[in-house]
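Visitor: I should like to learn how to read the pockets and cavities of a protein model. Could you take me through one case?

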Amino acid sequence: MKVLGISGSMRAGGNTAILVQEVLSHISEKGIPTEYITLAGKEIHPCIGCEKCKEDKRCTIQNDDWPEIAEKMVHADLLVIGSPTYYFDVSGQVKNLIDRTYSLYHDRQLAGRKAVAITICADKGGTRALETLEAFLSTHEYGYLGHIIGRGYLPGDVRSDTLAMNSAKTIADRIVSYFGTLDD
Ligand SMILES: Cc1cc2nc3c(=O)[nH]c(=O)nc-3n(C[C@H](O)[C@H](O)[C@H](O)COP(=O)(O)O)c2cc1C
């Protein structure tokens, strides 16, 4: 698989989902394989800070949806990760996912992949939420291909954010060019 898109919103058809899928659809039009997952309805427990992953190289919590998501992240060449803005930051579900990637950090299982970050806010705080995503990507040594901050409150509102919808196309073009530079 080439590109994995993750919408971190609990609203399955919300604005984050729309923007992440917008990027993916432009990419798949060019024949690049994509996979989309939503964190809506997923169970992702918080990291318990046991540090066992330092030795085991896997998370000790195995009774939720994290192991399957981790597998997909490890096998993706490029990650498009999106989060709604909650109190000027990422949503709790996204933060749980970020914290659980600690299990992939010790032996840099995500390093060298590329990433795009997306946040959506109704009014303010999208930039700060984006910083959290960027800190996560930078820590894991992802190469950064850009970001989108979309605007919207009710599900679907982001479709009226012309700038964000156009940015999805621009970013998708950048991703397509990136894959064009690879040998495979
Ligand atoms: C708990 C909660 C906190 C929120 N905090 C903010 C915020 O700090 N700034 C903002 O502009 N919008 C905030 N919003 C609005 C959401 O960011 C907005 O509705 C967004 O479109 C949600 O994306 P989604 O449709 O992908 O879930 C908040 C919404 C919720 C439910």
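Guide: The discussion below turns to the ligand site, then to the pockets, and finally to the enclosed space. Please keep in mind that this is a predicted model.

Visitor: Let us begin with the ligand. How many residues surround the ligand, and which are the closest?

Guide: A residue enters the shell if one of its heavy atoms lies within 4 Å of the ligand. Here the shell holds 17 residues, with Ser9, Thr16, Asp123, Lys124 and Gly152 as the closest. By class, eight of the shell residues are nonpolar, six are polar and three are charged.

Visitor: Which protein atoms lie 2.6 Å from an oxygen atom of the ligand?

Guide: A polar contact is read as a pair of N or O atoms within 3.5 Å. In this model, an N or O atom in the side chain of Thr16 lies 2.6 Å from a ligand oxygen. A polar backbone atom of Asp123 is likewise 2.6 Å from an oxygen atom of the ligand. For Asn15, a polar backbone atom is found at 2.8 Å from a ligand oxygen.

Visitor: How much of the ligand's accessible area does the protein cover?

Guide: On its own the ligand has 640 Å² of accessible area, and the protein covers 80% of it.

Visitor: Which elements give two or more residues to the shell around the ligand?

Guide: They are helix H1, residues 15–29, and strand E4, residues 114–121.

Visitor: Where does the ligand sit with respect to the pockets?

Guide: The ligand takes up the space of the largest pocket. The volume of this pocket is about 350 Å³. Its lining comprises 17 residues, and those closest to the pocket centre are Thr85, Tyr86, Ile120, Cys121 and Ala122. H1 and E4 each contribute at least two residues to this lining. The lining divides into eight nonpolar, six polar and three charged residues.

Visitor: What is the volume of the second largest pocket, and which element gives the most to its lining?

Guide: The second largest pocket has a volume of about 160 Å³. Its lining includes Lys57, Arg58, Cys59, Trp66, Glu71 and Gln109. Helix H3 (66–75) and helix H5 (102–105) are the elements that give two or more residues to this lining. H3 gives the most, with five residues. The classes here are six nonpolar, three polar and three charged residues.

Visitor: How is a cavity to be told from a pocket, and how many cavities of 30 Å³ or more are there?

Guide: A pocket is an open set of points, whereas in a cavity the probe fits but cannot get out. The count here is one cavity of 30 Å³ or more. The largest cavity has a volume of about 100 Å³.

Visitor: Which residues lie nearest the centre of the largest cavity?

Guide: Of its 15 lining residues, Cys47, Cys50, Cys53, Cys59 and Tyr102 lie nearest the centre. The elements that supply two or more residues to the lining are helix H4 (92–100) and H5. By class, the lining of the largest cavity has seven nonpolar, three polar and five charged residues.

Key
Residues numbered from 1 in each chain as written. Predicted model: local features only at pLDDT ≥ 70, side-chain atom pairs only at ≥ 80, totals over all residues. Heavy atoms only, no water. Polar contact = N/O pair within 3.5 Å; in protein donor to acceptor, adjacent residues only side chain to side chain. Areas by Shrake-Rupley, 256 points an atom, 1.4 Å probe, with all protein chains shown as cover. 1 Å grid on protein atoms, 1.4 Å probe; cavity = no way out; pocket = protein on both sides within 12 Å on 5 of 7 lines; lining within 4 Å. Sits in = over half its atoms within 2 Å of the grid points. Helix = DSSP H or I, 4+ residues; strand = E, 2+ residues; numbered from the N terminus. Nonpolar A, V, L, I, M, F, W, Y, C, P; charged D, E, K, R; others polar. Points joined across faces, edges and corners; volume = space filled by probe spheres on them.
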